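Reader: I have just started reading protein models, and the labels puzzle me. Could you explain some of them with me?

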Amino acid sequence: TGFYFDTVIQITLYDSSKEALIDDCFEMAETFEKLVSTTVADSDIDRLNRAGGTPVTVSEETLTLLEEGLSYCTMSLGAFDITIGALTNLWDIKDNPGRLPDQADIDHACATIGYENILIDGNEVTLTNPETQLDLGAIAKGYIADRMKEYLMENGVTQGIINLGGNVLTLGPKSDGTAYKIGIQRPFAEDGSSLMTVEVTDRAVVTSGIYQRYFELDGVIYHHILDPNIGYPFQNGLLSVTIICEKSVDGDALSTTCFALGLEKGMALVESLADTEAVFIAEDYKVVKSSGMK
């Protein structure tokens, strides 16, 4: 267990001879944190956010992650947008004492959002709006989990669990051939208990929910999944969306995207994708599962 990306991460291996690989994975986490974190000084993303519209040369890893993010920005028609940084900074949900931002500030932040503002030329990236701020929080952990899995498999690991703050990625079946049982948290359960479990083999299970970071004011829950169009947290009757798919990066981006799209459009997107399933939990705790869920 370690603490990276502002969350607890846990890597579980079942072959004691491979123990040293866990340290390697933590080193990988530290490397990525120094590349793509918005809060680490001089990371690639920090340099881009401070560049004032001038080009910045970034690493191959950062470039790949940006391109992954842009593909989901396009797929969702901007419901998912990695240029939402000014708005997330304004709300600061994690440390917000329970105050709404001023409407003028929200409007100004929204005006800086637009994935079309990202210009990529080789390894040079330019934010064409000097005030645009990147935030890869909705996709970075998934990408990093996939990279860890690749590394472990290349080094002979055939079973294990990577858990990056709720982004769960399994390697193979267990040694006895059975699937892993992964819990989907009951929203707002103080003891972290599960509402249901899913059985997976060699799959990612990733959840986005309003109970992870939020504050309540006058009976309204203000959470961290923000609508880039209006500048406020989505209010669409959902508590959480869990995606089950092969790659954690897809699960990470899709869970946020499907939450943003809402139950009907989000489920339609899931049903259109191969080898992808979902569990939506509505405000009344009704569970809606995609057609391929057993």
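Reader: Why does Tyr232 count as buried, exposed or partly exposed?

Author: Buried means under 20% relative accessible area, exposed over 50%, and partly exposed in between, with a 1.4 Å probe and protein chains only. Tyr232 has 22% relative accessibility, so Tyr232 is partly exposed. This is a predicted model, where local features need pLDDT of at least 70 and side-chain atom pairs count only at pLDDT 80 or more, while totals for chains, interfaces and linings use all residues. Residues are numbered from 1 along each chain as its sequence is written, and side-chain values use heavy atoms, leaving out hydrogens and water.

Reader: And what makes Trp91 count as buried?

Author: Its relative accessibility is 1%, so Trp91 counts as buried.

Reader: How many aromatic pairs does the count come to?

Author: Rings of Phe, Tyr and Trp (its six-membered ring) pair if their centres lie within 6.5 Å; planes under 30 degrees apart are stacked, over 60 edge-to-face, and the rest tilted. By this rule there are nine aromatic pairs.

Reader: Why is the pair of Trp91 and Tyr232 called edge-to-face?

Author: Their ring centres are 5.5 Å apart and their planes stand at 70°, so the pair is edge-to-face. Trp91 and Tyr232 are 141 residues apart in the chain. Both belong to one aromatic cluster with Phe215 and Tyr222.

Reader: What makes Phe188 and Tyr214 an edge-to-face pair?

Author: Their centres lie 5.2 Å apart with the planes at 90°, so this pair is edge-to-face. At 28% relative accessibility, Phe188 counts as partly exposed, and Tyr214, at 36%, is partly exposed too.

Technical notes
Helices (H or I, at least four residues) and strands (E, at least two) are DSSP runs, numbered from the N terminus.
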